[in-house]
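Please read this note alongside the model. The points below go from a single helix end to the chain as a whole.

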Amino acid sequence: MIHLADNLLLVATDRSGDLGETYPIARGSSPMIVALGAASAAGERPAPGTFLGIALVSGGILALSVARGSLGRTSLGAALATGTTIAADTLVDGLGVRESGDWRA
């Protein structure tokens with residue numbers, strides 16, 4: 001279901017704006033969302049420096065896309081929704097590996 005949502009949102013993101021602006025937002029927002037989700041879903045607490053690094057990289061990518069100046073509210077929303085599904089996929093995979101007890105499975 002997450003993959004279906006991701007694909008549908010990616011199409012909506014592509015249709016809503018310039019792919020050069022929206023795709024970096026989708027990919028750049030997901031590491032921050034994963035870090036926040038891992039903290040709440042898995043109890044992970046990254047070191048402050050690690051969290052700052054994630055925030056700087058994600059923020060830098062987002063700033064580059066927004067700086068182009070033509071990003072609309074609809075495009076931004078679709079891109080962030082896509083980033084959320086990317087993060088959800090990563091979190092579910094990580095939690096599944098933990099539950100299995102064997103990362104090679």
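1. Helices here are DSSP runs of H or I with at least four residues, numbered from the N terminus. By that reading, α4 is followed by G101, a residue with a positive phi, near 80 degrees. The model is a predicted one, and the points below should be read with that in mind.

2. Helix α4 covers residues 73-100, which makes 28 residues. From the first C-alpha to the last, α4 reaches 40 Å, close to the 40 Å expected at 1.5 Å a residue.

3. Which residues of α4 are buried? They are S75, A78, A79, T82, G83, T85, I86, A87, D89 and L91. An α-helix has 3.6 residues a turn, so residues three or four places apart point the same way. The list of buried positions includes both D89 and the glycine G83, beside nonpolar residues such as I86 and L91.

4. What covers these buried residues of α4? The cover includes α1, residues 2-16, and α2, residues 19-41.

5. T13 gives a residue-level view of the packing. This threonine lies in helix α1. T13 counts as buried because its relative accessibility is 0%, and the cut-off for buried is under 20%. Neighbours within four places in sequence left aside, T13 is in contact with T22, A78, A79 and T82. Of these partners, A78, A79 and T82 are also among the buried residues of α4.

6. At the other extreme of accessibility is M1, in the segment before α1. M1 is classed as exposed because its relative accessible area is 82%, where exposed means over 50%. Together with L4 and L8, M1 makes a nonpolar surface patch of about 390 Å².

7. For the protein overall, the count is four helices and zero strands. Taken from the N terminus on, the order of elements is α-α-α-α. Along the principal axes, the C-alpha atoms fill a box of roughly 45 × 35 × 20 Å.

8. Contacts and burial can be given for the chain as a whole. Among contacts between residues at least 6 apart in sequence, 84% join residues at least 24 apart. The protein has 105 residues, and buried residues make up 26% of them.

9. On the surface, the protein exposes about 6,500 Å². Carbon and sulfur atoms supply 65% of that area. The patch of M1, L4 and L8 noted above is one nonpolar part of the surface.

Conventions. Residues are numbered from 1 along each chain as its sequence is written. This is a predicted model: local features need pLDDT of at least 70, side-chain atom pairs count only at pLDDT 80 or more; totals for chains, interfaces and linings use all residues. Side-chain values use heavy atoms; hydrogens and water are left out. Helices (H or I, at least four residues) and strands (E, at least two) are DSSP runs, numbered from the N terminus. The expected span of a helix is 1.5 Å times one less than its number of residues. Buried means under 20% relative accessible area, exposed over 50%, partly exposed in between (1.4 Å probe, protein chains only). Contact means heavy atoms within 4.5 Å. Patches are made of residues with over 30% relative accessible area and no salt bridge: like charges are joined within 9 Å, nonpolar side chains (Val, Leu, Ile, Met, Phe, Trp, Tyr) within 5 Å. Accessible areas come from the Shrake-Rupley method with a 1.4 Å probe; for residues, only the protein chains shown count as cover. A salt bridge is a side-chain nitrogen of Lys or Arg within 4 Å of a carboxyl oxygen of Asp or Glu.
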